[in-house]
Amino acid sequence: MFNVSKNGIIEVVRGDSFKVALFINRGTDLCPERYILKEGEYIYFGVMEPNYSFENAIVRKKYSNEDLNKDKDVVISFNSEDTVNLQPGKYFYEVKAVILDEDGNEVVNTIIPKREFFIL
C-alpha cells in the first residue's frame, strides 16, 4: 500500500515497492510550467528520522533524466529493500534538485520541503 495525500504526506507499508511521478514546477501555482531534467541534473529524495537533516538521510535516492516517464516527469521509485529494515513510525522526506545554471554551474534547490513520511 502506498498513498500520497493532497498535502504531500506519504504513507507506505514497510517493505512495499512503489512508483510515483514528480511534477517539477518551474512556474507558479496559477500558471504551472513543467521543468524537464537535462543531462547532468539530478533529483535527490531523502527519508530522515525526526530532527535529522537531509544530509543524514537514512534512505537517499538519486534520479536523473534517465528516470523520466512519457510526460517527462521524474519517476520516484522505491524497492522493498529501501524500507524493509526500517521500524514502522513517523519519518520525514525532502526532495532537492541539482540543476545547471546558464554557465553550467550546479545550483541546489529544495523543491519539496520536509514533509511527513509514515511507514506502516
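A contact here means that heavy atoms lie within 4.5 Å. The model is predicted.

**Exercise 1. Overall build**

Task: Find what share of the contacts with a separation of 6 or more comes from residues 24 or more positions apart. Then describe the elements and the extent of the chain.

Solution:
- Step 1. Take the contacts with a separation of 6 or more; residues 24 or more positions apart account for 56% of them.
- Step 2. Assign the secondary structure. The chain has one helix and eight strands.
- Step 3. Read the elements from the N terminus: β-β-β-β-β-β-α-β-β.
- Step 4. Judge the compactness. The radius of gyration is 15 Å, and the globule rule gives 14 Å for 120 residues; the two are close, so the chain is as compact as a globular protein of that length.
- Step 5. Box the C-alpha atoms along the principal axes. The box is roughly 45 × 25 × 25 Å.
- Step 6. Turn to the surface. The chain exposes about 7300 Å², and carbon and sulfur atoms supply 46% of that area. Of the 120 residues, 32% count as buried.

**Exercise 2. The sheet**

Task: Work out the strand order of the open sheet, and name its edge strands.

Solution:
- Step 1. Start with β7 (residues 89-100). β7 pairs with β8 in the antiparallel sense, over 11 bridges. One pair to look at is Lys96, which stands opposite Thr110 in β8.
- Step 2. Inspect the link between these two strands. β7 and β8 form a hairpin, with five residues between them. Gly104 sits in the turn and has a positive phi of about 85 degrees.
- Step 3. Add β4 (residues 42-48), which pairs with β7 in the antiparallel sense over seven bridges. Phe45 has Val95 in β7 as its bridge partner.
- Step 4. Add β2 (residues 10-12). Three bridges join β2 to β8 (residues 106-119), and these strands run parallel. Val12 stands opposite Ile119 in β8.
- Step 5. Write the order of the six strands: β1-β2-β8-β7-β4-β5, an open sheet with mixed pairing. The edge strands are β1 (2-4) and β5 (59-63), since each pairs on one side only. From one strand to the next, the twist averages 20 degrees.

**Exercise 3. Glu94**

Task: Decide whether Glu94 is buried or exposed, and list what Glu94 touches.

Solution:
- Step 1. Place the residue. Glu94 lies in strand β7.
- Step 2. Apply the cut-off: buried means under 20% relative accessible area. Glu94 is at 11%, so it counts as buried.
- Step 3. List the contacts, leaving out residues up to four places away in sequence. Glu94 touches Tyr44, Phe45, Gly46, Met48, Phe54, Thr110, Ile112, Pro113 and Lys114.

**Exercise 4. Two positive phi values**

Task: For Asn51 and Lys72, give the phi value, the location and the exposure class.

Solution:
- Step 1. Recall the background. Most residues other than glycine have a negative phi.
- Step 2. Check Asn51. Its phi is positive, about 70 degrees, although Asn51 is not a glycine. Asn51 is found in the loop between β4 and β5.
- Step 3. Classify Asn51. Exposed means over 50%. The relative accessible area of Asn51 is 80%, so Asn51 is exposed.
- Step 4. Check Lys72. Its phi is near 75 degrees, again a positive value in a residue other than glycine. Lys72 has its place in the loop between β5 and β6 (74-78).
- Step 5. Classify Lys72. Its relative accessible area is 43%, so Lys72 is partly exposed.

How values were computed:
Residues are numbered from 1 along each chain as its sequence is written. This is a predicted model: local features need pLDDT of at least 70, side-chain atom pairs count only at pLDDT 80 or more; totals for chains, interfaces and linings use all residues. Side-chain values use heavy atoms; hydrogens and water are left out. Helices (H or I, at least four residues) and strands (E, at least two) are DSSP runs, numbered from the N terminus. Buried means under 20% relative accessible area, exposed over 50%, partly exposed in between (1.4 Å probe, protein chains only). Two strands pair if DSSP finds at least two bridges between them. Axes are lines fitted to C-alpha atoms, for helices over the stretch in contact, and angles run from 0 to 180 degrees between N-to-C directions. The radius of gyration is taken over C-alpha atoms; the globule rule is 2.2 Å times the number of residues to the power 0.38. Accessible areas come from the Shrake-Rupley method with a 1.4 Å probe; for residues, only the protein chains shown count as cover.
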